[in-house]
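Welcome, and take a moment to turn the model around before reading on. The paragraphs below walk through it step by step.

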Amino acid sequence: MRGYPRKLIFYAAIVLLVLFTTLPVLYAVITIFKQESELYRFGANPFIYETAPTLDHLVYLFTSTPFPTFAMNSLVIGLCVVAITVILAVPAAYSLARLTGHWGEHSGMAIFLVYLIPPTLLFIPLFRIVVTLGLANSIWSLVLVLPTITIPFCTWLLLGFFRSIPRQLDEAALLDGCTRFQAFWKVVLPQALPGIGACIVFAFSLSLSNYIYAVTFISESASRNISAGVPTELIRGDVYFWPSLMAATTAVAIPLGIAYGLLFDYLVRGFQSAGAKEG
Amino acid sequence: MKEGTVAHDRPTGLMARMALALERPRVLGTLMLAPAVLYVVAFVAVPFFIAIALSVSDATVGNPQIDTFVGLDNFISVISQDAFGIALRNSLLITTLTVLILLVLATTAVELLAREFRGKRLVQVLFMIPWAMPVALSAITWLWLLDSQYSPIDWVLVQLGLLGPDGPFGPSRNMFYLGREWLAIGSVVFVDVWRTLPLATIIVLAGRLSIPRERIEQAQLDGAGFFRVLFRIIIPALAPVLTVAILFTALLVIGEMSTIALLTRGGPGHATQILPYWAYLKGINSGDLAQGAAIALFLFPVLLAAAIVALRFAYRAGRD
């Protein structure tokens, strides 16, 4: 970076990039506080408030729609999926990184293969399984099925983190009289905490984001989560409650966006170490 | 805790012998790996084979038993429907276009985000928002932005004189982004690019930061300009990572039905139909489980072939 104009071009490019990702969300935020009369007036400037902004739509979303129920369901599903994922993926990743010898080294590829069978291929048979287990229309169907998406991904991400921790650390712990499990639990695991943090955020948002399972397994309003509930309940036939819809999307997007942004470097590191020994 | 025994002693009790076994990497390794593997096998591999069984049966939601073998009838019946060709074409077209645009945008974004600058944290947060949004919710946001009457994009175009009675884009004051076939497909591609750019960028950035700084600096010392460095050093070194990014995002895009389900519902007619959404409409909405499974299975060979090619390429490039 030398000279004034180059710096200017650089910052201009950054601003363009950020505008590309955030303009839709900014517009959604503007919409939340618009009065209906102004919102649906032809030719009105959509970016400014000609009449006073209102909180009505936000209040409506939280008091007169099932949105709080959806949010609660999403939260319960998300936390359960995160718990199952961490409990299963952390030991699996450690095992592949340290204990299973040379066939652990190609496991990155094997995990990738699981992704070749996407939810779109599985939702019909899984719907049958869910019905057989008596879980149709229950949030527990999603708790049961969503870890199939998060476990492979998080195992892969953690694999990279465990590989980047020097082996000498385990060996020193073993020499000090730790059992192998203690070496994992007390010495290696604390080093991998950033990776686990990244996994938690990823698993939570993947569980929130899945649409196909949510609409297939659950058709009762009370058990719906945000992904399936907001599009079905806040849209009645052809009537869209736009300001409330926008309030729902931003209420979810902003906290998650902040979580992702703060974990940005960890995510990059995760992919970096995961990719380093790939193949 | 059973780890209490010292490993060198000869094992006497059952507990002691178990503790000793746990010291062998193979045993402990298998025990730690097994739960995750079993979980995935139970809910991915088993349903996958049920899907195949369903596709050669005559199961419906009303009569879900897989008891009548009908051979390839479902596949033949699916192929003979008009929607099939359109859905297959759209699935492949939307995915390919999205990935190509992503490649250019992600490589550009990476060149920006690989540097240190003031306010980087804030930029990272704002940059990640599309990926943080659940797909269905970002689809709804775009549905509002592309609204047939109140689209703010139309408003801007009218102000610029591009739309409206005198504008080059026609006498109407609206573009009807989702109501015209090619404009609708273009809109869907745009939304897919928007929502997957953060992930693609993170993957490529991970590869970019692994390129030794000395190699870039050496080239710059030798007098290579920005574009020469980009095309001669950075992009070749990124090839394996770009392949992984392509595969990852392609799988995400080709398997996602909520953008289409919410933006166009496959319409107008079947013009923007894609295989996953068509499978959903047939299998769940119309209750024909067997045909739904057959439609969904059409994607598998395509995905498998693409993945084998991509992974081989990444593997070879990674060894050089």
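UniProt positions are given here in the numbering used for this structure, and such annotations may be inferred rather than shown by experiment. With that in mind, start with chain B, where an unreviewed UniProt entry places the feature "domain: ABC transmembrane type-1" at residues 88-310. Please also remember that what you see is a predicted model. In that model, residues 88-310 of chain B are 73% helix and 0% strand, and the C-alpha atoms at the two ends of the span lie 21 Å apart.

The unreviewed UniProt entry for chain B also lists "transmembrane region" at several places, among them residues 92-113 and 182-209. What share of residues 92-113 of chain B is helix? The answer is 100%, with 0% strand, and the end C-alpha atoms of this span are 30 Å apart. Residues 182-209 of chain B are likewise 100% helix and 0% strand, with 38 Å between the end C-alpha atoms.

Now move over to chain A. Chain A holds 15 helices and two strands, and its C-alpha atoms fill a box of roughly 75 × 70 × 30 Å along the principal axes. Of its 279 residues, 50% count as buried. If you look at the contacts in chain A with a separation of 6 or more, 77% of them join residues 24 or more positions apart.

For chain A too, the "transmembrane region" annotation from an unreviewed UniProt entry covers several spans, including residues 9-33 and 240-263. Residues 9-33 of chain A are 96% helix and 0% strand, with 35 Å between the end C-alpha atoms. Residues 240-263 of chain A are 88% helix and 4% strand, and the end C-alpha atoms of that span are 35 Å apart.

Next, see how chain A is divided. The domain assignment gives domain 1 (1-54) and domain 2 (57-276), and the centres of these two domains of chain A, taken over C-alpha atoms, are separated by 31 Å. Where they meet, seven residues of domain 1 of chain A are in contact with nine residues of domain 2 of chain A. Which helix gives the most to the domain 1 side of this meeting place in chain A? Helix 1 (residues 4-32) of chain A does, with five residues. By type, the domain 1 side in chain A divides into five nonpolar residues, one polar and one charged.

Helix 14 (residues 242-262) of chain A deserves a closer look. With 21 residues at 1.5 Å a residue, helix 14 of chain A should span 30 Å, and its end C-alpha atoms are indeed 30 Å apart, so the two values agree. Because 15 of its 21 residues are buried, helix 14 of chain A is largely enclosed by the rest of the structure.

Let us bring the two chains together. In all, 79 residues of chain A are in contact with 79 residues of chain B. Helix 14 of chain A supplies the largest share of the chain A side, 12 residues. That side of chain A is made up of 56 nonpolar, 20 polar and three charged residues.

Finally, look inside. The largest nonpolar core has 174 residues, and those with the most contacts inside it include A89(A), F162(A), I203(B) and V204(B). Leaving aside residues up to four places away in sequence, V204(B) touches A106(B), T107(B), V110(B), L238(B), V241(B), L242(B) and A245(B). A245(B) is itself one of the residues with the most contacts inside the core.

How values were computed:
Residues numbered from 1 in each chain as written. Chains lettered and ligands numbered in written order. Predicted model: local features only at pLDDT ≥ 70, side-chain atom pairs only at ≥ 80, totals over all residues. Core = buried A, V, L, I, M, F, W, Y, C linked by C-beta atoms within 7 Å. Buried ≥ 20, exposed ≤ 12 C-beta atoms within 10 Å, placed from the backbone. Contact = placed C-beta atoms within 7 Å. Domains from an automatic or database assignment. Nonpolar A, V, L, I, M, F, W, Y, C, P; charged D, E, K, R; others polar. Expected span 1.5 Å × (residues − 1).
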